[in-house]
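Reader: Please take one part of this model, the packing of its interior, and go through it closely. Start with any backbone detail that bears on the parts involved.

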Amino acid sequence: MVNKRMRLFVLTSMIAMVLLGTAGLSFAEKPTVLAPCKQCHQPEKDLVRGTLVSVSEKFKTINVQVGQKLVWIINYGDDLKITGADKLLSVSKDKEIGIRFTGDEKKPYAVSLTVKPPAKVAPEKLVTADEISKLVAMGPEKGSYLLVDSRPKPRFNEGHIPHAVSLDNTKFDELKDKMLPKEKDRLIIFYCGGVT
């Protein structure tokens with residue numbers, strides 16, 4: 001009888017310890033940075049970096065994607081400071097943005113929004129649409145090139161330039177040695193969803 005009571009006491013104590021020990025952890029912290037943004041930025045607790053999904057003027061919310069299935073919904077007001085665009089509604093969907101907020105991840109309130117400026121690429125490293133068309137018409141063997149679609153795989157699957165291969169920018173370090181040619185004299189062209 002004593003053993004039975006002792007086992008019951010131990011079991012009850014263990015359950016209580018587990019419940020008390022996890023009480024403060026039931027609300028996990030959400031990621032704040034989209035994977036490609038991590039190449040240049042470290043996560044910050046009050047800053048979300050991702051791509052713009054949508055803006056609701058009616059509900060005063062900005063939806064920012066930071067993962068394949070993770071979207072932050074951030075409230076904003078007339079005091080929102082915007083850098084890199086004239087107004088919030090002129091920022092295009094899928095544009096990379098950063099939103100600094102107050103509050104917590106349950107009720108974030110946007111203080112400022114920064115639109116990522118276009119990357120500066122040397123003119124001699126850019127390929128025009130006409131040059132791409134000519135290469136695509138020749139094919140990768142005759143044209144001696146590799147065309148790489150850097151967008152996420154689902155976007156690639158929705159449609160891509162003929163002869164392109166998918167190499168998601170977030171998996172570049174993992175797959176580059178496997179997918180990119182060893183020959184250094186071969187032309188490699190990368191493209192993504194727009195001006196970055």
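Author: Helices and strands here are DSSP runs, numbered from the N terminus; a helix is H or I with at least four residues, and a strand is E with at least two. The model is predicted.

With that settled, Asp94 can be placed in the loop between strand E4 (81-83) and E5. Its phi is positive, near 75°, although Asp94 is a residue other than glycine. Most residues other than glycine have a negative phi. A relative accessibility of 35% makes Asp94 partly exposed, since that class lies between under 20% for buried and over 50% for exposed. Lys60 is another non-glycine residue with a positive phi, of about 55°. The loop that holds Lys60 runs between E1 and E2, and Lys60 is partly exposed, at 31% relative accessible area.

Now the interior. Nonpolar side chains tend to be buried together in soluble globular proteins. In this model the largest nonpolar core has 17 residues, and Ile62, Val64, Ile97, Ile99 and Leu113 have the most contacts inside it. Two or more residues of this core come from each of strands E1 (47-56), E2 (61-65), E3 (71-75), E5 (96-102) and E6 (109-115). Ile97 shows how the packing looks around one residue: with neighbours within four places in sequence left aside, its contacts include Val48, Leu52, Ile62, Val64, Val91, Leu113 and Val115. Arg49, Gly50 and Thr114 are also in contact with Ile97.

Apart from this core lies another, of nine residues, including Val136, Leu147, Phe156 and Ile189. One of these, Val136, leads to helix H2 (residues 129-138), whose buried residues are Ile132, Leu135 and Val136. Down the axis of H2 these buried residues fall within an arc of 100°, so they line one face of the helix. Asp130, Lys134 and Ala137 are exposed, on the face of H2 turned away from the buried side. Among the elements that cover the buried residues of H2 are helix H3 (140-143), strand E7 (145-149) and strand E9 (187-191). After H2 comes Gly139, with a positive phi near 90°.

Aromatic rings are the last topic. A pair of them is described by the distance of the centres and the angle of the planes. There are two aromatic pairs. Trp72 and Phe101 make a tilted pair, with 5.5 Å centre to centre and 45° between the planes. Trp72 belongs to strand E3 and Phe101 to strand E5, so this pair ties together parts 29 residues apart in sequence. Both Trp72 and Phe101 are buried.

The pair of Phe172 and Phe190 is edge-to-face, at 6.2 Å between centres and 65° between planes. Phe172 is in helix H5 (residues 172-179) and Phe190 in strand E9, so parts that are 18 residues apart in sequence are tied together by the pair. Phe172 is partly exposed, with a relative accessible area of 26%, and Phe190 is also partly exposed, at 41% relative accessibility.

Trp72 has one further partner: the charged end of Lys30 sits over its ring, 4.3 Å from the ring centre.

Notes: Residues are numbered from 1 along each chain as its sequence is written. This is a predicted model: local features need pLDDT of at least 70, side-chain atom pairs count only at pLDDT 80 or more; totals for chains, interfaces and linings use all residues. Side-chain values use heavy atoms; hydrogens and water are left out. Buried means under 20% relative accessible area, exposed over 50%, partly exposed in between (1.4 Å probe, protein chains only). The arc is that of the directions from the helix axis to the C-beta atoms. Contact means heavy atoms within 4.5 Å. A nonpolar core is a set of buried Ala, Val, Leu, Ile, Met, Phe, Trp, Tyr and Cys residues joined through side-chain atoms within 4.5 Å. Rings of Phe, Tyr and Trp (its six-membered ring) pair if their centres lie within 6.5 Å; planes under 30 degrees apart count as stacked, over 60 as edge-to-face and the rest as tilted. A charge sits over a ring if NZ of Lys or CZ of Arg is within 6 Å of the ring centre and within 35 degrees of the ring normal.
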